[in-house]
Amino acid sequence: MAKSLYDTLEVSESATEAEIKKAYRKLARQYHPDVNKDKGAEDKFKEINSAYEILSDKTKKAQYDAQGDSMFGGQNFHDFSRSHAGGNADLDEILRSMFSGGGGFSGFGGSSFGGGGFAQQQPNLDIETSVTIPFNVSILGGSHSVSVNGERFDIKIPAGVNSGEKMRVKGKGHAQGGRAGDLFLKINVAANPEYIRDGDDLIKTFDVPLYAALFGEKVTIQTLEKEIKLKIPQNTKNGQRFRVKEMGAMNRKTKERGNLYLEANIVLPKVEDLDEKLVELMQEKLPKE
């Protein structure tokens with residue numbers, strides 16, 4: 001049975017949850033539209049996110065493992081996603097429908113046994129689904145556009161939201177007989193090639209010219225919020241970290257922000273770009289051990 005979702009994330013069918021997450025983060029960084037300007041990178045990025053959304057959800061993964069690519073009409077996932085990329089259809093909504101039996105995770109009522117007979121239930125009008133938001137929106141908060149039930153609208157994302165958290169949007173579920181259910185969204189946060197989130201803290205690697213590392217100098221760094229100046233001391237080592245207070249993620253319980261840790265990546269110049277006399281002096285004076 002073909003299972004091309006695993007091929008999309010470049011992992012085996014026996015991959016663990018941690019291996020799937022690691023592969024997703026690597027590919028998301030590689031194909032992120034802000035980094036990769038190649039034609040087709042954005043579609044590939046969306047394809048990777050959709051594959052991860054399925055394989056990172058235990059219920060969806062079990063359903064896919066049981067049915068494989070037959071869920072995509074026998075096509076592999078790459079061809080299936082490409083066939084919908086240029087049309088008016090919303091691929092995310094199609095996948096949500098597939099993996100929820102066609103009507104969202106919450107089904108429509110029906111009847112139940114009780115009191116020795118049949119008791120009619122009110123239909124469940126709520127919808128439960130998931131949405132992938134950009135990394136910067138998860139940290140800073142903001143609005144994000146979603147498409148559910150054939151309707152596109154903006155939702156407000158609170159600062160500091162984590163993957164796996166759920167949000168309730170009132171009145172955006174199914175409508176019937178003058179009643180409207182609610183929409184329950186499971187949040188997935190897209191990877192960012194420049195940042196790692198560690199609890200409420202953020203870690204970012206930044207380039208440091210050799211001159212600044214040796215003799216000290218101020219360098220300019222673009223953060224998620226703004227451009228900052230960081231004073232680099234003399235004899236800065238590769239991998240050395242600098243803390244910028246309260247520029248991490250918001251803790252939604254304490255309402256306090258974590259810190260941003262900037263990790264130095266010392267950029268060595270090419271020898272052929274250096275002045276010949278300097279090279280000779282360095283060869284003569286620099287210790288070899």
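## Accessibility and the model

A residue counts as buried when its relative accessible area is under 20%, as exposed when it is over 50%, and as partly exposed in between, with a 1.4 Å probe and the protein chains only. The structure is a predicted model, in which local features need pLDDT of at least 70 and side-chain atom pairs count only at pLDDT 80 or more, whereas totals for chains, interfaces and linings use all residues. Residues are numbered from 1 along each chain as its sequence is written, and side-chain values use heavy atoms, with hydrogens and water left out.

## The chain as a whole

The protein chain contains nine helices and 15 strands, where helices (H or I, at least four residues) and strands (E, at least two) are DSSP runs numbered from the N terminus. It has 289 residues, of which 37% count as buried. The surface exposed by the protein chain comes to about 17500 Å², and carbon and sulfur atoms supply 48% of that area; accessible areas come from the Shrake-Rupley method with a 1.4 Å probe, and for residues only the protein chains shown count as cover.

Contacts (heavy atoms within 4.5 Å) can also be sorted by sequence separation. If one takes the contacts in the protein chain between residues at least 6 apart in sequence, 53% of them join residues at least 24 apart.

## A buried valine in strand β4

Val146 lies in strand β4, which covers residues 142–148, and it counts as buried because its relative accessibility is 4%. When neighbours within four places in sequence are left aside, the residues in contact with Val146 are Val131, Glu151, Arg152, Phe153 and Ile155.

A further distance relates Val146 to Thr132, which is 14 residues away along the chain: the C-alpha atoms of Val146 and Thr132 are separated by 9.3 Å.

## Positive phi in two loops

Most residues other than glycine have a negative phi. Asn235 has a positive phi, near 60°, and is a residue other than glycine; its place is in the loop between β13 (227–232) and β14 (241–244). Asn235 is classed as exposed because its relative accessibility is 53%.

Lys255, which is not a glycine, likewise has a positive phi, in this case about 65°. Lys255 is found in the loop between β14 and β15 (260–267), and its relative accessibility of 59% is why it counts as exposed.

## Salt bridges and where they reach

Side chains of opposite charge can pair when their charged atoms come close. A search of the whole structure finds twelve salt bridges, each being a side-chain nitrogen of Lys or Arg within 4 Å of a carboxyl oxygen of Asp or Glu. One of them joins Asp182 to Arg168, with the closest N and O atoms 2.6 Å apart. This pair links distant parts of the chain, 14 residues apart, since Asp182 is in the loop between β8 (179–180) and β9 (183–189) and Arg168 is in strand β6 (residues 166–169). The partners fall into opposite classes: Asp182 counts as buried because its relative accessibility is 12%, whereas Arg168 is exposed, with a relative accessible area of 51%.

The side chains of Glu194 and Lys204 also meet in a salt bridge, at 2.6 Å from N to O. Here distant parts of the chain are again linked, with Glu194 in the loop between β9 and β10 (195–198) and Lys204 in strand β11 (residues 201–209), ten residues apart. Glu194 is partly exposed, as its relative accessible area is 44%, but Lys204 counts as buried, at 6% relative accessibility.

## A bridge between two loops

Glu225 and Arg257 form a salt bridge through their side chains, at 2.6 Å from N to O. The pair links distant parts of the chain, 32 residues apart: Glu225 belongs to the loop between β12 (217–222) and β13, and Arg257 to the loop between β14 and β15. For Glu225 the relative accessible area is 38%, so this residue is partly exposed, and for Arg257 a relative accessibility of 27% likewise means that it counts as partly exposed.
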